[in-house]
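Q: I should like to go through the strand pairing and the charged contacts in this structure. Could we take them in turn?

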Amino acid sequence: MIVSMENTTTSAIDKKLNQLRDQHGVVTLGRVLTLVILAQAGHSEAALEAANFASHEHPCRIIMHVAHSPAESTRLDAQLRMGGDAGASEVIVLHGYGELSEPSETLFSALLLPDAPIVAWWPHLVPGATPTTESIAGIAHRRITDSARHEDAFEILSDLSARYVPGDTDLAWTRVTNWRIQLAAVLDQAEPSPVREVVVEGSGRSPSVILLGTWLATRLGAQVSFLNFPGPRRLTRVTLVRDDGEIVLERPGRAVAMLRQPGQPDQQIAMPVRDLNACVAEELRRLDPDEVYGEVLTSGLREVRVARIVDTAGELTPGAAAFLASHGGGRQDASPEPSVASAGEVDA
């Protein structure tokens with residue numbers, strides 16, 4: 001069931017929700033959280049689809065604000081979705097124009113579920129430090145961003161590190177969950193031997209490459225090298241350089257990875273690219289701070305030992321150059337051909 005409301009208010013929306021529950025028996029019992037989505041016009045449906053998918057595992061009320069042009073006359077349109085059109089949730093889509101194109105805490109306050117945790121998600125842009133953004137972030141227990149949308153991965157991670165507070169998380173980190181699981185399992189089973197260097201290959205625009213390399217290097221007490229190639233924002237290969245040989249985990253496509261270890265036959269591992277639906281569902285499984293992500297983003301990025309950054313484009317981004325300068329690593333602007341990667345806009 002979809003109900004549209006034009007030029008309305010949040011008070012009228014709340015009354016309409018109560019009316020629909022009385023008429024159709026739709027209730028909010030069992031809703032475990034409120035998911036607030038701050039979206040951009042023209043790009044909201046993919047985020048809403050992912051939220052609906054996640055709601056089957058985490059029944060919730062979804063409130064999406066879609067920002068339209070601030071130059072238009074101020075008004076608020078709404079769309080209420082329930083039943084089969086809302087997954088296991090209630091969906092309230094707010095279209096803000098003019099002054100209401102900028103979301104604020106007061107706009108959502110009347111629609112939040114009482115006594116339920118709040119998760120805020122910015123699917124398209126990493127929010128800046130504005131008063132309205134800070135007010136929404138202040139009421140949320142978890143705050144989900146996606147740094148892969150930024151053009152300079154090193155720069156945006158540095159910015160997120162400086163502004164980090166417990167409860168922040170990043171879908172660029174969520175995308176490498178399967179890589180972390182596989183690499184941890186391989187090291188648990190391998191013969192003990194120190195790792196001298198971690199080499200992470202992928203797109204230089206992908207924050208996932210930086211986060212995974214930093215996590216591995218700081219946990220293993222090794223230095224890290226980033227081999228950055230142009231193309232889709234992908235992570236394609238991780239090499240652990242040890243005295244007894246290299247351990248290589250490579251995924252040239254989108255579904256199957258190849259594991260190579262000294263003295264063992266090559267192994268194929270099912271490791272499909274994680275889509276947006278899976279990443280959002282994972283992030284809603286926990287409402288406590290992700291301490292590992294927090295450590296990687298803050299102390300990890302500050303303390304990691306960088307051996308080199310290889311960039312086939314011939315010129316490091318300003319963020320990468322600043323990161324390299326602060327860590328004393330080497331620079332190399334030419335490299336061998338990268339491993340083959342299939343097309344894909346943002347994945348790991």
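Q: What is the bridge partner of leucine 249 in S13?
A: This is a predicted model. In it, leucine 249 has leucine 259 of S13 as its bridge partner.

Q: How many bridges join S12 to strand S13, and in which sense do they run?
A: Three bridges connect S12 with strand S13, residues 256–260, and the two run antiparallel. The connection between S12 and S13 is a hairpin of five residues.

Q: And strand S11, how does it pair with strand S12?
A: Strand S11, residues 235–242, and strand S12, residues 245–250, pair in the antiparallel sense over six bridges. A hairpin of two residues leads from S11 to S12.

Q: Which residue in S12 does valine 241 stand opposite?
A: Valine 241 faces glutamate 246 in S12.

Q: Turning to charges, how many salt bridges does a search of the whole structure find?
A: The search finds 18 salt bridges. Side chains of opposite charge can pair when their charged atoms come close.

Q: Which residues are linked in a network of salt bridges?
A: Glu201, Arg237, Glu250 and Arg260 are linked in such a network.

Q: What does glutamate 90 form a salt bridge with?
A: Its partner is arginine 61, and the closest N and O atoms are 3.0 Å apart. Glutamate 90 belongs to strand S5, residues 89–97, and arginine 61 to strand S3, so the pair ties together parts that are 29 residues apart in sequence.

Q: Are those two buried or exposed?
A: Glutamate 90 counts as buried because its relative accessibility is 1%. Arginine 61 is buried as well, with a relative accessible area of 4%.

Q: What about glutamate 45, which residue does it form a salt bridge with?
A: Glutamate 45 bridges to arginine 81, with 3.4 Å between the closest N and O atoms. Glutamate 45 is in helix H2, residues 44–55, and arginine 81 is in strand S4, residues 75–81, so this contact ties together parts 36 residues apart in sequence.

Q: Why does glutamate 45 count as partly exposed?
A: Glutamate 45 is placed in that class because its relative accessibility is 47%, between the limits of 20% and 50%. Arginine 81, by contrast, is buried at 13%.

Q: One last pair: how far apart are the closest N and O atoms of glutamate 57 and arginine 285?
A: They are 2.6 Å apart, in a salt bridge. This pair links distant parts of the chain, 228 residues apart: glutamate 57 is in the loop between H2 and strand S3, and arginine 285 is in the loop between helix H9 and helix H10. Glutamate 57 counts as partly exposed, at 43% relative accessibility.

Definitions and conventions. Residues numbered from 1 in each chain as written. Predicted model: local features only at pLDDT ≥ 70, side-chain atom pairs only at ≥ 80, totals over all residues. Heavy atoms only, no water. Salt bridge = Lys/Arg side-chain N within 4 Å of Asp/Glu carboxyl O. Helix = DSSP H or I, 4+ residues; strand = E, 2+ residues; numbered from the N terminus. Buried < 20%, exposed > 50% of the residue type's maximum accessible area, 1.4 Å probe, protein only. Pairing = 2+ DSSP bridges.
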